[in-house]
Amino acid sequence: MSEQMYYWGEEKEAADPEQTFIEFSAKPASSREYTHLFSSSYREVTAADSGGRAAGPAPPGGPAGGPPGPPGGPGAEERAGWGHKLDFLFSCISVSVGLGNVWRFPYLCYKNGGGAFLVTYAIAMLFCGVPIFFQEVAIGQYLGSGGMTLVGQLCPILQGVGYATMTLVFFLDIYYCIIIAWTLFYLISSFTALPNLPWSGCDNEWNTAHCYDPRTAAANLTDHGNRSSPVEEFWDRRVLHITEGIHDLGGMQWELFLCLGLGWLLVYGIIYRGLHQSGKIIWFTALFPYFILAVLLVRSVTLEGAGAGLLYYVTPRWEELLGPGPWIDGATQIFFAYSIGMGALPTLGSYNAYNHNSYKDALITCVVNTLTSLLAGVVTFSILGHIALGQGTSVASVVKSGPGLVFLTYPEVVLRLPGAPAWSFIFFIMLVVLGIDSEFCIVEALVAGLADQWPVLRQHRKKFTAAVCFLMFLLGLPMVTHGGAYIFQLMDFYSVSGMSLLWVCFFQTIAIGWIFGAKNFSACIKSMMGIEVNKFWYACWVVFAPAVMVAIFVFYVVQYQPLTYGKDYQYPMWAQGVGIGISFASMVWIPAYAIYYLITAKGTLKERIQRGLKPDFKCKAKIPAGQKGPVIPMSESSAGLLTKNSSFLNQ
């Protein structure tokens with residue numbers, strides 16, 4: 001079908017490619033639908049521009065012409081929208097507030113000396129976390145696409161950022177469900193020793209001669225220097241069956257094998273129909289954990305010795321800031337906890353109505369996320385202070401600072417609650433909820449990103465999602481062996497954290513803030529939401545965020561420190577080499593694709609570079625009947641939900 005060019009319903013002459021313009025391609029649709037095509041140069045679109053122009057006659061082949069095949073080819077469907085305007089907010093909270101707050105934040109904070117970590121965390125949050133969170137949500141909402149194709153549309157030569165993002169998500173999907181498997185193990189174990197809990201004493205077959213229970217003063221050995229708690233021995237010797245090192249994986253821990261399979265079945269059961277249809281589930285998963293955390297908070301801060309743990313939590317040890325650990329962990333924890341650079345936020349934003357005020361949602365989500373992390377830290381360090389008092393040691397050396405810190409502290413406080421098995425069940429249900437709601441969001445980001453790149457997958461979404469979940473299950477099996485915890489920490493440190501995550505986030509920020517341009521991006525925000533971007537946000541996108549990421553990346557590389565498990569075990573060189581190779585597996589996509597683009601594109605080298613730096617995308621938005629433009633002026637304090645954006649995701 002031939003197309004005519006319209007400017008909000010008014011026919012216009014063929015545009016001069018050298019001029020600044022925005023083109024609108026009118027096609028038949030069940031409601032008025034306009035496709036905005038950005039040329040090589042841009043014009044700011046304001047609320048006055050779009051709303052002040054009188055509506056012209058309906059384009060040929062408009063509503064009267066009958067509905068066409070949806071975008072993306074025959075049989076494809078539009079990208080579905082949220083059923084309620086709050087579904088997006090609760091989805092953002094669900095994907096960003098999860099085990100990263102309750103599990104990862106406390107263990108990294110303890111590993112890096114408490115207060116010193118909070119300093120770097122706060123700097124990264126202010127200049128990188130909040131501004132980039134909003135940037136990702138807004139650009140996903142504007143383009144109506146997920147994380148794999150997003151940067152490539154804004155800067156074709158940096159399409160490798162999309163592949164790198166999907167590689168990060170791929171690695172994260174593999175090992176994140178391991179935490180769910182551990183949690184399911186504890187959940188089921190809560191009923192195996194009724195009316196007690198299996199980690200409540202030292203008289204079990206897995207306990208050693210060093211076990212000491214301060215609640216009953218029962219000890220297998222009166223050596224105060226080598227004491228270990230029943231909770232710690234249950235984790236190491238019953239759950240993990242941990243070996244001496246990564247060189248010895250031992251056999252399969254079959255109970256964890258079954259828990260891992262159950263975890264993936266739960267994840268697939270939620271997402272197989274598409275994330276946007278899980279709105280009511282997301283409401284529950286976003287709110288339920290706070291009730292449980294509130295109960296644990298009240299109990300933990302009233303424990304004897306809690307004050308010493310809280311003092312350790314908030315007191316900076318400035319000498320720690322001379323090393324790269326707190327800086328790299330603090331910055332990447334912000335990205336990890338906020339789900340920045342994972343492709344999930346643009347995917348969630350793409351389900352929004354075109355005029356949804358995601359600015360307010362982004363701020364609320366970031367505040368909730370940070371407060372949740374700080375709350376989890378209060379609970380964890382209060383318990384650490386209590387354990388240290390019972391063992392007669394300092395908070396700094398009370399437990400191993402490994403990825404299982406949450407499984408050493410929270411089960412301890414559960415033992416102090418009346419009806420411990422019931423509270424244990426409720427707590428680990430909370431952890432399962434936190435883990436699964438984050439996992440199904442990042443799996444959705446991977447599935448949606450791959451479907452954006454290869455549209456044929458949309459026609460087989462359920463089968464494709466099932467295949468992805470099964471593949472992730474198989475790849476996670478080495479981490480449920482007896483030495484699997486060592487592989488898990490290697491994956492956590494090198495695959496979706498550290499330099500690889502900084503690398504991807506830096507180039508994504510550069511693509512949006514420098515190449516596409518913060519000015520043009522601000523115009524897009526005003527076009528959608530009717531709000532002016534203040535100078536601080538602009539400065540963060542252009543200067544502060546890239547500068548902070550580059551500084552931390554260089555500091556980390558120059559002052560590289562080998563990875564350790566706990567305080568004693570240092571990974572061998574070959575394992576660190578494997579870890580660095582895992583990091584490069586995502587990082588290499590960006591320069592490799594840029595070289596590939598320059599080799600395969602047509603024209604002179606100068607023309608290839610120029611074309612590679614020019615945005616090439618379509619922004620899709622629906623205009624409701626009777627609405628003259630896509631924007632209604634709004635203030636920052638008032639949100640407007642007008643329409644659902646159109647795109648291509650087939651359920």
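A residue counts as buried here when its relative accessible area is under 20%. Keep that cut-off in mind as we walk through this predicted model, starting with one helix that shows it nicely.

Helix α16 runs over residues 461-475. Its 15 residues reach 21 Å from the first C-alpha to the last, close to the 21 Å expected at 1.5 Å a residue. Which residues of α16 are buried? They are Arg 461, Phe 464, Thr 465, Val 468, Cys 469, Met 472 and Phe 473. A general point about helices helps in reading that list: an α-helix has 3.6 residues a turn, so residues three or four places apart point the same way. The buried residues of α16 pack against α6 (160-189), α8 and α15.

Now move along the chain to helix α17, residues 484-494. This helix is mostly covered, with 11 of its 11 residues buried. Among them are the aromatic-ring carriers Tyr 486, Phe 488, Phe 493 and Tyr 494, and the buried set also includes Gln 489 and Asp 492.

Next, let us turn to the annotated site. The UniProt record, an unreviewed entry, carries a "binding site" annotation on Val 97, Asn 101, Asn 369, Leu 434, Asp 437 and Ser 438. These positions span 342 residues in sequence, yet no two of their C-alpha atoms are more than 14.3 Å apart, so they gather at one spot. Two of them are worth finding in the viewer. Val 97 sits in the loop between α2 (85-96) and α3, and Val 97 is buried at a relative accessible area of 4%. Asp 437 belongs to helix α15 (residues 420-453), and its relative accessibility of 0% makes Asp 437 buried as well.

Charged pairs come next. Side chains of opposite charge can pair when their charged atoms come close. How many salt bridges does the structure hold? There are five, and three of them are described here.

The pair to begin with is Lys 111 and Asp 329, whose closest N and O atoms are 3.5 Å apart. Lys 111 lies in helix α3 (residues 99-111) and Asp 329 in helix α11 (residues 325-338), so this salt bridge ties together parts that are 218 residues apart in sequence. Are its two partners buried or exposed? Lys 111 is partly exposed, with a relative accessible area of 31%, whereas Asp 329 is buried at 3%.

Another salt bridge joins Glu 255 and Arg 238, with 2.9 Å between the closest N and O atoms. Here Glu 255 is in helix α8 (residues 254-271) and Arg 238 in helix α7 (residues 230-240), so the pair ties together parts that are 17 residues apart in sequence. Glu 255 is partly exposed, at 33% relative accessibility. Helix α8 may sound familiar: the buried residues of α16 pack against it.

A further salt bridge links Lys 526 with Glu 532, the closest N and O atoms being 2.3 Å apart. Glu 532 is exposed, with a relative accessible area of 52%.

On the surface, look for a nonpolar patch of about 330 Å², made by Leu 126, Phe 536, Val 543 and Phe 544. Which helix gives the most to this patch? Helix α19 (residues 535-558) does, with three residues. One residue of the patch, Phe 544, lies in α19 and is partly exposed, at 33% relative accessibility.

Finally, a few backbone details deserve a look. Most residues other than glycine have a negative phi, and most peptide bonds are trans. Against that background, the peptide bond from Leu 194 to Pro 195 is cis, with omega near 5°. Pro 195 is placed in the loop between α6 and β5 (212-213).

His 241 has a positive phi of about 55°, although this residue is not a glycine. You will find His 241 in the loop between α7 and α8, where it is partly exposed, with a relative accessible area of 30%. Ser 339, also not a glycine, has a positive phi of about 60°. Its place is in the loop between α11 and α12 (344-350), and Ser 339 is buried, with 5% relative accessibility.

How values were computed
Residues numbered from 1 in each chain as written. Predicted model: local features only at pLDDT ≥ 70, side-chain atom pairs only at ≥ 80, totals over all residues. Heavy atoms only, no water. Salt bridge = Lys/Arg side-chain N within 4 Å of Asp/Glu carboxyl O. Helix = DSSP H or I, 4+ residues; strand = E, 2+ residues; numbered from the N terminus. Buried < 20%, exposed > 50% of the residue type's maximum accessible area, 1.4 Å probe, protein only. UniProt positions renumbered as here; feature names shortened; annotations may be inferred. Expected span 1.5 Å × (residues − 1). Contact = heavy atoms within 4.5 Å. Patch = residues over 30% accessible without salt bridge, like charges linked within 9 Å, V, L, I, M, F, W, Y side chains within 5 Å. Areas by Shrake-Rupley, 256 points an atom, 1.4 Å probe, with all protein chains shown as cover.
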